[in-house]
Amino acid sequence: MAERSTAAVDVADNSGNEPLTAQAAQATSDGVDTQNGRAADGPMPDKDGERTNAAPAAAPELHSGHKLARRYRLEECVTRVDGFSSWRAMDEKLRRAVGVHLMPADHARARSVLAAARSSALLGDPRFVQVLDAVEENDLVYVVHEWLPDATELTALLAVGPLEAHEAYQLVSQVSQAMAAAHREGLAHLRLTPSAILRTSTGQYRIRGLAVNAALRGITSETPQRADTEAIGALLYAALTQRWPYESDAYGLTGLPKGVGLIAPDQVRAGVHRGLGELAMRALANDGATASRQEPACTTPDELAKAVAAMPRIRPPEPAFTAPPEYQHTTYQQGNYGRPTPPGVNTVQSRPVVPPPPPLQSRTGRALKWGVAALLIAALGLGSWQLADTLLDHNTQKGNSGTNSNTNTGTDDNPKQPEPGKELKIRDVSVLGGSVKPALAPKTIDGDPGPGSAWITPEYYNYANFGRLETENDGSGIIVDLGEVRYVSGLDIDMYVPGQTVEILAAAPESAAPGSVSAFAQRITELKRTDKKIETTLDTPIRARYVLIHITELPSSGGGYRGGINEIKVLGSSS
């Protein structure tokens, strides 16, 4: 069978007497039990009270090349079990790969699968693999979802080794926050296994099968929040130790020794981050274990997300520096290309090191050295004379003024600060890149500095640099258009909240409608974390028409990151 993509859907039910996340069987990369290289067709053992037995129904006998709704062309069957099948397919209308679950319309769980798929699609959270369509037609029920060919399953990551502390922190932080948001909308997963977690090339974790995987298998729970929280704890435990926190082996991971119960991660593997290990125990305490240091157990994803946020931030590891290899000259660079090389002769030759030339010993060299020395002496003497002349003039002026040395004249000790100038009229404002709330930009120049009249960014999750979204790679901010080239001598800005990382730049006088950060070549302030008020005055005014208040990182705002600008004033003159 061809190698399965990491975007295949995890829909298998590994059952037994252990908790839901502890149920294990021999699984392929998509989590489906197999027999002789293909998914098992028969039903798997059930867990009492958690799975609904379905009436026998054969999986639809379809083949590669079959089209659904004249649009979705089936290409590879990745799962065929318990009356349904899952496929990798091609959306011929949008020319993209998708995943498809198929089952007969008379299947006992067909109605619940459609309901789960439609509820999951309404959530619209990008941290979950999105449901694209849910249809019943021609005696078939099928659910279409995203296919992520560039993502890697957590199962594959753990097959290489345990995750380092920063990566495990990102895993539990992102998954717990996403599941907390889902439960607030009344949605549970109930099948959070390593094969349900995907890591994208940008480092973000995405969860697949929300509500749908459990509906396909008929899995229910009287305490869904507790079940999902324990599952997240099991994922974190496995990420730290490369062991499954139950006695049975599962998902390519070795279980714990039989008869000893749940033991702390730092007792399984040396060097485990202490805070993350205790967090895993607090989440797994739902099954009867005791949390470390008497902290209360985390029984909901929201409690777990708050516990993660309360931890000190774990920094990513420093990148290792590898020294470049020593440069060697080849025969081609020596001019021997095309000539026959005698047997046994190495074609890579090291050019002999040429010793540095001796110091200038000729008459010209000595004259050059004396000439340079004379110039340095002359420059030193001239500088000393100018300094002495300046000091004498200063003392003479003080003597003529009739004041003594203890009188503060207000001229020398307190030099006059440059005047910021008058407030300049702003013709227009716009948002850098145009994607972050452009309709709110005019509120930054409406004369109302209150937070109710401000340009405010959306709330981003996981990353302070605008969620690391591709549309905000350069951050965001407000571009100010003065209408014509003016002399800018200062700015007075009221930020929405303190703690934003900001720099102020200006475009060249000849620039016309600059739209990227690189177009603003004149620096007014350095990039730094700022207070709520920014007041800056330039020693020398600059000529510009366009000024950019550039925000690169946002401060923390509850569970995410948010910032903005209340009011902008540009100071200067027309000449």
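Helices are DSSP runs of H or I with at least four residues, numbered from the N terminus. The exercises below concern a predicted model.

**Exercise 1. The second largest pocket**

Determine which helix gives the most residues to the lining of the second largest pocket, and describe that lining.

*Solution.*
Step 1. The second largest pocket holds about 480 Å³ of space.
Step 2. Its lining consists of 22 residues, and those closest to the centre are Gln 177, Ala 309, Gly 558, Gly 559 and Gly 560.
Step 3. Two or more lining residues come from each of helix 3 (165-184), helix 8 (301-310) and strand 25 (560-561).
Step 4. Helix 3 gives the most, with seven residues.
Step 5. By residue class, the lining of this pocket divides into nine nonpolar, eight polar and five charged residues.

**Exercise 2. The largest cavity**

State how many cavities of 30 Å³ or more are counted, and characterise the lining of the largest cavity.

*Solution.*
Step 1. The count comes to two cavities of 30 Å³ or more.
Step 2. For the largest cavity, the volume is about 90 Å³.
Step 3. Twelve residues line the largest cavity, and Val 129, Val 131, His 145, Gly 209 and Val 212 lie nearest its centre.
Step 4. Strand 8 (140-146) and helix 4 (212-217) are the elements that give two or more residues to this lining.
Step 5. Six of the lining residues are nonpolar, five are polar and one is charged.

**Exercise 3. Two residues with positive phi**

Locate Gln 242 and Tyr 251, and decide whether each is buried, partly exposed or exposed.

*Solution.*
Step 1. Most residues other than glycine have a negative phi.
Step 2. Gln 242, however, has a positive phi near 60 degrees, and the phi of Tyr 251 is also positive, at about 55 degrees.
Step 3. Gln 242 lies in the loop between helix 5 (224-241) and strand 12 (243-244). Tyr 251 belongs to the loop between strand 12 and strand 13 (254-255).
Step 4. Buried means under 20% relative accessible area, and exposed means over 50%. Gln 242 has 27% relative accessibility and therefore counts as partly exposed. Tyr 251 has 7% and is therefore buried.

**Exercise 4. A nonpolar surface patch**

Identify the residues that form a nonpolar patch on the surface, and place Val 372 within its element.

*Solution.*
Step 1. The patch is formed by Leu 368, Val 372 and Leu 376, which together have about 290 Å² of accessible area.
Step 2. Val 372 is located in helix 9 (residues 363-400).
Step 3. Because its relative accessible area is 42%, Val 372 is partly exposed.

Technical notes: Residues are numbered from 1 along each chain as its sequence is written. This is a predicted model: local features need pLDDT of at least 70, side-chain atom pairs count only at pLDDT 80 or more; totals for chains, interfaces and linings use all residues. Side-chain values use heavy atoms; hydrogens and water are left out. Buried means under 20% relative accessible area, exposed over 50%, partly exposed in between (1.4 Å probe, protein chains only). On a 1 Å grid over the protein atoms alone, a cavity is a set of points where a 1.4 Å probe fits but cannot get out, and a pocket is an open set with protein on both sides within 12 Å along at least five of seven lines; lining residues have an atom within 4 Å of a point. Grid points are joined across faces, edges and corners, and a volume is the space filled by probe spheres set on the points. Ala, Val, Leu, Ile, Met, Phe, Trp, Tyr, Cys and Pro count as nonpolar, Asp, Glu, Lys and Arg as charged, and the others, Gly among them, as polar. Patches are made of residues with over 30% relative accessible area and no salt bridge: like charges are joined within 9 Å, nonpolar side chains (Val, Leu, Ile, Met, Phe, Trp, Tyr) within 5 Å. Accessible areas come from the Shrake-Rupley method with a 1.4 Å probe; for residues, only the protein chains shown count as cover. A salt bridge is a side-chain nitrogen of Lys or Arg within 4 Å of a carboxyl oxygen of Asp or Glu.
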